[in-house]
Amino acid sequence: QVQLVESGGGLVQAGGSLRLSCTASGRTFRSAAMGWFRRAPGKEREFVAAISWKDDNTDYIHFVKGRFTISIDNAKNTVYLQMNNLKPEDTADYYCAADVDQNIYTTTTALWEYDYWGQGTQVTVSS
């Protein structure tokens, strides 16, 4: 079993920044492609960014490119999402996810491929 614990959400004004963190733990955890998803009020959960376990291969949804950066610290089993120039439409619950079956050099944007999920952290951007 793998546990994912997120932190770093909060309230910020438009144009501000936040950094989300997600740490994976569990006896069986070895490696995983890591992703961030979000669910805005009244909307479906959507992909935001993903990173491979090795080589820092990344994917981003188009509307966060240039504003959000995903990174990983393998030694700490922790993935980060640096969010800059936040907009009110970024308001959502953000979820970390791990795909433990993914090749260590690849990522996936597909929600259904992720095996484990964090509890979510709320991000609110005021205008």
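**Figure 1. Surroundings of T69 in strand 7 of the predicted model.** T69 is partly exposed, with a relative accessible area of 42%. The residue belongs to strand 7, which covers residues 68–73. Beyond the residues up to four places away in sequence, T69 touches Y60, Y80, L81 and Q82. T58 is eleven residues from T69 along the chain, and the C-alpha atoms of the two are separated by 9.1 Å.

**Figure 2. T107 and its contact with D59.** T107 is placed in a loop that runs between strand 9 (92–99) and strand 10 (116–117). Although in a loop, T107 counts as buried because its relative accessible area of 18% falls under the 20% limit. The side chain of T107 makes a polar contact of 2.5 Å with the side chain of D59. With neighbours within four places in sequence left aside, the residues in contact with T107 are A33, A50, I51, S52, N57, D59 and Q102.

**Figure 3. The disulfide of C22 and C96.** One disulfide is found in a search of the whole structure. The sulfur atoms of C22 and C96 are 2.0 Å apart, and the link is left-handed, with -75 degrees about the S-S bond. The pair joins distant parts of the chain: C22 is in strand 3 (residues 18–25) and C96 is in strand 9, 74 residues apart. C22 is buried, with a relative accessible area of 0%. C96 is likewise buried, also at 0%.

**Figure 4. The largest nonpolar core.** This core has 30 residues, of which M34, W36, L81, M83 and Y94 touch the most other members. Two or more residues come from each of strand 3, strand 4 (33–39), strand 5 (46–51), strand 7, strand 8 (78–83), strand 9 and strand 11 (121–126). In soluble globular proteins, nonpolar side chains tend to be buried together. L81, one of the core residues named here, is also among the residues that T69 touches.

**Figure 5. Contacts of Y94, and a second core.** Not counting neighbours within four places in sequence, Y94 is in contact with E6, L20, W36, F37, R38, V48, F68, L81, M83, G120, T121 and V123. Among these contacts, W36, L81 and M83 are listed with Y94 as residues that touch the most other members of the largest core. A second, separate core has five residues, including F47, A50, A97 and Y114. A50 is also in contact with T107.

**Figure 6. The chain as a whole, for orientation.** The chain contains eleven strands and zero helices; from the N terminus on, the order of elements is β-β-β-β-β-β-β-β-β-β-β. The C-alpha trace spans about 40 × 25 × 25 Å along its principal axes. For 127 residues, a compact globule would have a radius of gyration near 14 Å, and the 14 Å of the chain agrees with this. Of the 127 residues, 44% count as buried. Among contacts between residues at least 6 apart in sequence, 59% join residues at least 24 apart. The chain exposes about 6500 Å², with 45% of this area supplied by carbon and sulfur atoms.

How values were computed: Residues are numbered from 1 along each chain as its sequence is written. This is a predicted model: local features need pLDDT of at least 70, side-chain atom pairs count only at pLDDT 80 or more; totals for chains, interfaces and linings use all residues. Side-chain values use heavy atoms; hydrogens and water are left out. Helices (H or I, at least four residues) and strands (E, at least two) are DSSP runs, numbered from the N terminus. Buried means under 20% relative accessible area, exposed over 50%, partly exposed in between (1.4 Å probe, protein chains only). A polar contact is a pair of N or O atoms within 3.5 Å; within protein, one must be able to donate a hydrogen and the other to accept it, and residues adjacent in sequence count only if both atoms are side-chain atoms. Contact means heavy atoms within 4.5 Å. A disulfide is a pair of cysteine sulfur atoms within 2.5 Å. The radius of gyration is taken over C-alpha atoms; the globule rule is 2.2 Å times the number of residues to the power 0.38. Accessible areas come from the Shrake-Rupley method with a 1.4 Å probe; for residues, only the protein chains shown count as cover. A nonpolar core is a set of buried Ala, Val, Leu, Ile, Met, Phe, Trp, Tyr and Cys residues joined through side-chain atoms within 4.5 Å.
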